[in-house]
Amino acid sequence: MVMAKAVEVLEQVKNAKDYGISFGEATINLEKLNARKKTVTKIHVGGVKSLLEAYGVEVIQGAARFLSSSLIDVVGLDGIRRGLKVRRAIIASGTASAPAYLTGDTGLSIDTDQLLEVSAAPPSILLIGGGATALTFATIFSSLGSKATVIEESDRVLPEIDQEITDLLQRELKKNKIQVLTSAKPLRFFEGSGGEAELEVEVKGEKTKLKAACIVRTARLPNIEGLGVLEIGVALNDHGGIMTDAAMETSVTSIFAAGDVTMNHLSTPVAYAEGLVAAANIAGKKATINYSAIPCWSNTIPAVCGAGLTEAEAKAKGYAIRIGRFPMAANGMATVLGRRTGMVKMVIDEKYGQILGVHVMGHNAPELVHEVLLAMRSELTPLDIADVFHVHPSLSEAFWDAANAADGASINSFSPGA
Ligand SMILES: Cc1cc2nc3c(=O)[nH]c(=O)nc-3n(C[C@H](O)[C@H](O)[C@H](O)COP(=O)(O)OP(=O)(O)OC[C@H]3O[C@@H](n4cnc5c(N)ncnc54)[C@H](O)[C@@H]3O)c2cc1C
């Protein structure tokens, strides 16, 4: 996130001349940026440590392994081995980068942890996987001067976000010289030459070789190896993560799982929610997880964010729908900021007026979407959003306008038939 913020600041600095501000050429020093990243991480890890101490939680740093459902073996970083008897446990061991798996990849690719440590932007970077992480890194390294390419096996990137928005995003990425190849299956690595490795890729049925100085794997696998969970009978789900019920309890009674290790949705807000549900149930309350309106976002420039159903998904589910659209170009604050690219799109159930999905591309999109997420979780309608006073000018107003447009009467854009 610090890196994504840095390239956004760089963009703003480059656009400063539009406000009559001029100074010398702006550049990013990656080593100093990495130092800033470490400081931010240190502050927040320190904060969590203090909270745990304040709550009286004993933290043992080490590698844990279940010997049975009630006995955990921990080899501590201090070298001490402990046997912990437990009545209940939550597995929250997260994910790790998938190891190199393609033929010929004898150390020719790196993972995202290694990418975060590079001290200089490579001349060219190829990211395998068109998820949010890959697109964000492509944006970052492109801004830092790398020629960036993303390859995605399916026919489009970010399938949780409405295709109208991801098509817009792909167009913007292309304008920013970021190449995104969809329906592109990575096949095998070759040594290459001149400091570049080669990746053979099948794009829409045709084989081609892509060269890059840095090739990055973005896939993740659940951290279950060596944890002993399979041995004690914990079942896995279709994604290879730990299977749970709605109470976040695994197939072994009294063992719960939460966060990325479930492979349900690899993001912090979902990890928080699952952890809270698991903890509540362990504390004797009755809680179940509610996965509605999970945001999916990417810190590209411009950023995108979506939650709930896409237009295609809503139609496939048999909903009669109407759409509320609003272009960022008609939003006053977007113009003030010089960030007029993008749009808000709301998918509305025609029958009850419920907001089924919200999808947006625009500056600060992941910060702005929360009022609609609240509306979706509370089963509100666009009229409820339209009824709220929105600060003018503000980027949030675009949601107000989209909500009004859903009812056929946006003030700031032409609504035929209004
Ligand atoms: C490059 C990158 C960028 C990301 N950016 C974002 C973002 O901007 N926003 C967002 O919401 N999400 C982001 N994510 C995802 C986010 O990091 C995860 O969703 C979140 O950290 C999941 O939390 P967790 O507690 O489940 O797992 P983790 O945070 O991975 O924590 C798991 C912990 O368990 C430990 N562990 C594993 N095995 C054992 C064992 N056997 N014994 C003891 N300890 C063990 C691990 O060392 C780790 O400390 C990003 C992920 C990556 C890889």
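Let's start with a single residue: Asp387 sits in the loop that links helix H11 (382–386) to helix H12 (397–406). Keep in mind that this is a predicted model. Is Asp387 buried or exposed? Asp387 counts as exposed, because just 11 other C-beta atoms lie within 10 Å, and the cut-off for an exposed residue is 12 or fewer. Asp387 can also be placed relative to Asn404: the two are 17 residues apart in sequence, and their C-alpha atoms are 9.1 Å apart in space.

**The chain as a whole**

Stepping back, the protein chain contains 12 helices and 20 strands. Its C-alpha atoms fill a box of roughly 70 × 60 × 45 Å along the principal axes. How does the radius of gyration agree with that of a compact globule? For 418 residues, a compact globule would come out near 22 Å, and the protein chain has 24 Å, which agrees. Of the 418 residues, 36% are buried. Looking at contacts with a separation of 6 or more, 59% are between residues 24 or more positions apart.

**Helix H1 and its two partners**

Now to the start of the chain and helix H1 (residues 2–14). Two packed helices are described by the angle between their axes and the distance between the axes. Here are those values for H1 with helix H2 (residues 30–54) and with helix H4 (residues 132–143).

| Helix pair | Axis distance | Crossing angle | Handedness |
|---|---|---|---|
| H1 and H2 | within 9 Å | roughly 130 degrees | right-handed |
| H1 and H4 | within 9 Å | roughly 45 degrees | left-handed |

Take H2 to begin with. The axes of H1 and H2 cross at roughly 130 degrees, which makes H1 oblique to H2. H1 passes H2 in a right-handed crossing. Which residues make this contact? On the H1 side they are Val2, Met3 and Ala6, and on the H2 side Leu33, Arg36, Lys37 and Val40. By class, the residues of this H1 and H2 contact are five nonpolar, no polar and two charged.

Next comes H4. The axes of H1 and H4 cross at roughly 45 degrees, and that makes H1 oblique to H4. H1 passes H4 in a left-handed crossing. Here Met3, Ala4, Val7 and Leu10 of H1 meet Thr136, Thr139, Ile140 and Ser143 of H4. The contact of H1 with H4 has five nonpolar residues, three polar ones and no charged ones. If you are following along in the structure, Met3 is a handy residue to find: Met3 takes part in the contact with H2 and also in the contact with H4.

Key
Residues are numbered from 1 along each chain as its sequence is written. This is a predicted model: local features need pLDDT of at least 70, side-chain atom pairs count only at pLDDT 80 or more; totals for chains, interfaces and linings use all residues. Axes are lines fitted to C-alpha atoms, for helices over the stretch in contact, and angles run from 0 to 180 degrees between N-to-C directions. Helices (H or I, at least four residues) and strands (E, at least two) are DSSP runs, numbered from the N terminus. Angles under 35 degrees count as roughly parallel, over 145 as roughly antiparallel, 65 to 115 as roughly perpendicular and the rest as oblique. A crossing is left-handed if the near helix is turned anticlockwise from the far one by less than a right angle, and right-handed if clockwise. Two residues are in contact if their C-beta atoms, placed from the backbone, lie within 7 Å. Ala, Val, Leu, Ile, Met, Phe, Trp, Tyr, Cys and Pro count as nonpolar, Asp, Glu, Lys and Arg as charged, and the others, Gly among them, as polar. The radius of gyration is taken over C-alpha atoms; the globule rule is 2.2 Å times the number of residues to the power 0.38. A residue is buried if 20 or more other C-beta atoms lie within 10 Å of its own, exposed if 12 or fewer, and partly exposed in between; C-beta atoms are placed from the backbone.
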